[in-house]
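Dear colleague,

Please find below the sequence and the structure that I promised to pass on to you. Once you have had a look, you can read my notes underneath, which go through what I found.

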Amino acid sequence: MAPKANAGKDKLLNDEAEVLQAVVLADSFNKRFRPLTTRKPRCLLPICNAPLLDWTFESLALAGVQEIFVICRSHPEQIKAKIAESRWSKPGSGIKIVSILTAKETFSPGDAMRDIYTRGLVTGDFVLVMGDLVSNIRIDEVVKVHKERRKTNNDAIMTMVVKESGVKHRTRSKADSAVFVLDSKTSECLHYEPIMGYPPSTGAKIPREILATHQDVEIRHDFIDCSIDICSVEVPSLFQDNFDYLDIRRDFVHGILTSDLLMKNIYCYVAKEGYAARVQDTKSYDAISKDILSRWTFPLVPDNNHPAGHLYEHRRGNKYIDKDGTVLLARTSTVGNKCLIGSFTKVSDNAQIISSVVGQNCFIGAGAIVDNSYIFSGTTIGPGCVIERSIIGSDVNIKENTQIDKGSLVSDGVIIGPNAHLEAFGRLSKKRGSETVVNEDGEDEDEYADSEEEEVEAAQDSIELDLGSESNAIMWPLGAPDNEEDEDDEDVENVKNQRFMRLGDSASDLAFSDPGSESSDEESESSGEESDFGQRLGTLPTSSATSLDTPDGSSTIAIAESEFRNEVRLSLERAFTEDHSVDNAAVELKTLRMASNVPLSRVREEVVSAIVERIKIIDGGGAPQRQEILNVVSRWGPLIDKIGGVDPVETVTALQTHCASSERMLLFGQILAALYQDDIVEENDIREWHQSPTSQGLGLSPSVRTDNMKKCWEIGSRMIQQFDEHDEDSESESEDTEESHEDDNDDALDELESEED
């Protein structure tokens with residue numbers, strides 16, 4: 001049942017007559033999803049079989065928003081039609097949704113904000129989001145904080161919602177992140193500096209006057225920017241007064257914070273609970289889809305409050321099958337964990353669907369494999385086809401024995417094959433026909449598209465590619481050659497930076513390979529693929545000093561980190577000895593981290609290490625040893641997540657790394673089982689850790705520690721084997737849908753512990 005749209009109204013407003021408004025910018029103003037978006041706006045692309053715009057409406061409805069303005073330039077008729085179909089447009093929904101067509105000269109969020117000012121749409125404080133938001137955060141609480149602040153500070157014009165996370169968090173963009181400098185007491189944003197994946201950054205330039213005029217500051221590079229802003233009514237007018245403001249973060253926020261004339265304040269709201277992320281690129285599309293299927297967005301999940309109104313049955317392993325009974329699964333077909341299958345879809349004999357989403361009215365041929373991919377409605381995949389980590393549009397026909405490699409995008413209506421091979425990161429669209437799509441005003445909708453598609457089609461003669469005898473597809477270029485310099489490396493859309501945004505692209509060859517990236521040999525060796533520029537950036541001292549070496553040649557960063565580790569150990573010893581509460585221990589650790597400005601991952605490593613060493617080794621092991629582990633983990637395990645952003649994969653990695661060089665090496669499996677049973681890590685986290693090269697000890701020099709790393713990985717292998725065996729046993733039982741999947745896995749872990757004993 002849909003959440004009531006006005007549920008948060010009484011909490012938000014002292015004046016019951018005041019209407020909470022929201023502005024949704026439907027245009028993406030970039031081309032990261034091309035060619036999927038040549039004939040459809042990004043906000044209407046489906047994610048888990050519901051248009052992105054509907055997920056955004058659901059998020060705003062949870063906040064008690066009563067009036068929504070959808071600002072759009074491209075494909076306005078499609079957006080209007082989709083809004084008309086939305087359940088929030090129906091009478092009695094409690095929400096008024098108005099679509100606003102902006103001028104064709106609107107090429108940036110700044111242009112859209114100026115149009116909002118010209119039209120006089122907003123009448124008070126309003127919520128500003130993009131049309132690709134997926135969130136269950138209670139925005140009404142943020143609005144309340146913003147309004148209270150405005151009562152005492154009329155210059156507080158904006159509150160940005162951010163969330164703490166690990167630097168390697170799956171929904172945190174490496175291509176487009178930022179350093180936030182906050183006042184520790186008020187959460188005022190004092191400085192904002194955008195950071196890109198390429199060119200890589202090794203430092204942040206923080207004005208000295210900020211450090212001189214604010215006694216306590218936080219320098220944060222561990223935030224996920226949710227792109228949810230609570231704005232005062234004067235924000236659009238500030239865009240109108242400054243035509244240089246194009247991007248909301250890079251231009252507007254940066255401009256306000258560096259202006260000596262405007263004297264306005266911007267604040268951050270650090271959300272402690274809830275989920276929020278933008279589908280900014282194909283990599284985040286994959287991550288957010290997996291998060292929805294893993295139920296991080298609850299109550300917005302496929303089997304409850306599905307934005308498109310579909311009804312799905314939630315099965316073990318986070319499988320979702322449409323409830324209407326029209327899905328036909330062949331007896332010999334395989335549907336793995338974290339999959340969603342839409343209505344009227346048929347999966348043939350021996351076909352495999354692995355961690356994928358399949359839309360409505362699709363056909364998966366015999367022996368076909370769909371692996372970590374997204375298939376939109378009406379698509380046919382022929383027998384023997386292999387689709388790997390790709391996004392396939394609506395009404396696509398992939399003929400038999402065709403292979404589509406990772407990172408590929410295939411637009412609506414494309415025919416490819418038979419016996420074709422689309423190499424990694426290929427992009428296909430349908431050849432343009434002679435027909436003209438006309439909107440209700442008699443205008444050619446192609447006018448809303450640029451000439452890029454025409455140029456691509458004209459260049460096909462120079463492309464040598466066999467897409468099959470029946471194909472109607474044209475191939476889009478992959479980008480500039482590797483040896484060709486980008487026109488503007490400082491642009492976030494530069495070709496190399498876009499690689500950090502591509503589905504299936506690790507971009508590991510770009511990370512710190514640039515000559516301008518300064519890092520020590522030791523740092524490079526210890527980082528590997530699991531480290532990125534954000535972690536090194538996080539180790540900068542909290543001052544604007546340029547010297548990073550002491551007179552004796554030692555690194556000030558290394559000294560500061562060593563001192564920090566010692567302080568953490570002392571703090572944890574006090575907490576253990578004096579039996580502090582977990583909350584108080586977490587506060588002290590956060591304070592230490594802010595003072596030393598080290599990455600959150602370092603704190604997590606120290607906490608995990610301290611908890612492991614807290615466990616007493618019981619002679620004879622067995623049940624007494626397991627009880628000792630359970631006692632320590634249940635008492636102190638929650639501290640791992642209380643210190644900041646939740647990153648369970650990083651937690652398992654830290655456990656493995658410490659146990660590999662500890663006398664408690666033999667307890668690794670039992671400690672991991674205890675973390676699982678206390679919901680600190682989940683089955684999917686263990687599987688993700690197990691698949692990483694780091695967990696397998698790859699690339700490490702031969703040593704006892706490396707051997708122990710591999711032993712831990714082997715223990716993890718047995719644990720995953722137990723998971724799989726119990727999944728198979730459970731599925732072979734007769735329609736036992738009431739039994740808990742977690743109970744099965746708990747039994748598996750008990751068996752594993754007994755084996756270790």
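**Strand 12 and its partners**

Strand 6 (residues 126–130) and strand 12 run antiparallel and are joined by three bridges. Within this pairing, L128 has D229 of strand 12 as its bridge partner. Please keep in mind throughout that this is a predicted model.

Strand 12 also pairs with strand 8 (residues 156–164), again in an antiparallel manner, and here seven bridges join the two. To find your way along this pairing, you can look for V162, which stands opposite D225 in strand 12. Why can strand 12 be called largely enclosed by the rest of the structure? Of the nine residues of strand 12 (residues 223–231), eight are buried, and the strand is therefore largely enclosed.

**The protein as a whole**

Before going on to other regions, it may help to have the overall picture in mind. The protein has 757 residues, of which 55% count as buried, and its secondary structure comes to 23 helices and 35 strands. If one takes the contacts between residues at least 6 apart in sequence, 62% of them join residues that are at least 24 apart.

**An open sheet of three strands**

As a general point, the strands of a sheet pair through backbone hydrogen bonds, and they do so either parallel or antiparallel. One open sheet in this model is formed by three strands in the order 10-9-11, with antiparallel pairing. Strand 10 (189–196) and strand 11 (217–220) stand at the edges of this sheet, and because each has a single partner strand, one side of each is left without a neighbour in the sheet. From one strand to the next, the twist averages 10°.

Strand 9 (residues 176–183) is joined to strand 10 by seven bridges, and in this pairing D176 stands opposite M196 of strand 10. Strand 9 is also joined to strand 11, in this case by four bridges, with F180 standing opposite R220 of strand 11. Which way do the residues of strand 11 point, and are they buried or exposed? V217 and I219 point one way from strand 11, whereas E218 and R220 point the other way, and all of them are buried.

A helix accompanies this sheet as well: helix 8 (residues 248–258) lies across strand 9 and strand 10, and runs at about 150° to strand 10.

**Helices that pack against each other**

Two packed helices are described by the angle between their axes and by the distance between the axes. I looked at three such pairs, and I take them in turn.

Helix 16 (residues 600–614) packs with helix 19 at an angle of about 55°, and their axes are 9 Å apart. The two helices are therefore oblique to each other, and helix 16 passes helix 19 in a right-handed crossing. On the side of helix 16, the residues that meet helix 19 are S601, R604, E605, V608, S609, V612 and E613, and they face E650, T651, A654, L655, H658 and C659 of helix 19. Sorted by class, this contact has five nonpolar, four polar and four charged residues.

Helix 19 (residues 648–659) also takes part in a second pair, in which its axis and that of helix 21 (residues 683–691) come within 9 Å and cross at roughly 60°. Helix 19 and helix 21 are therefore oblique to each other, and their crossing is right-handed. Here P648, V649, V652, T653 and Q656 of helix 19 meet D685, E688 and W689 of helix 21, and the residues of this contact divide into four nonpolar, two polar and two charged.

In the remaining pair, the axes of helix 17 (residues 622–636) and helix 20 (residues 668–677) come within 9 Å and cross at roughly 45°. That angle makes helix 17 oblique to helix 20, and helix 17 passes helix 20 in a right-handed crossing. The contact is made by Q625, R626, I629, L630 and V633 of helix 17, together with Q670, I671, A674, L675 and Q677 of helix 20. By class, the contact has six nonpolar, three polar and one charged residues.

With best wishes

Terms used: Residues are numbered from 1 along each chain as its sequence is written. This is a predicted model: local features need pLDDT of at least 70, side-chain atom pairs count only at pLDDT 80 or more; totals for chains, interfaces and linings use all residues. Side-chain values use heavy atoms; hydrogens and water are left out. Two strands pair if DSSP finds at least two bridges between them. Axes are lines fitted to C-alpha atoms, for helices over the stretch in contact, and angles run from 0 to 180 degrees between N-to-C directions. Contact means heavy atoms within 4.5 Å. Angles under 35 degrees count as roughly parallel, over 145 as roughly antiparallel, 65 to 115 as roughly perpendicular and the rest as oblique. A crossing is left-handed if the near helix is turned anticlockwise from the far one by less than a right angle, and right-handed if clockwise. Ala, Val, Leu, Ile, Met, Phe, Trp, Tyr, Cys and Pro count as nonpolar, Asp, Glu, Lys and Arg as charged, and the others, Gly among them, as polar. Buried means under 20% relative accessible area, exposed over 50%, partly exposed in between (1.4 Å probe, protein chains only).
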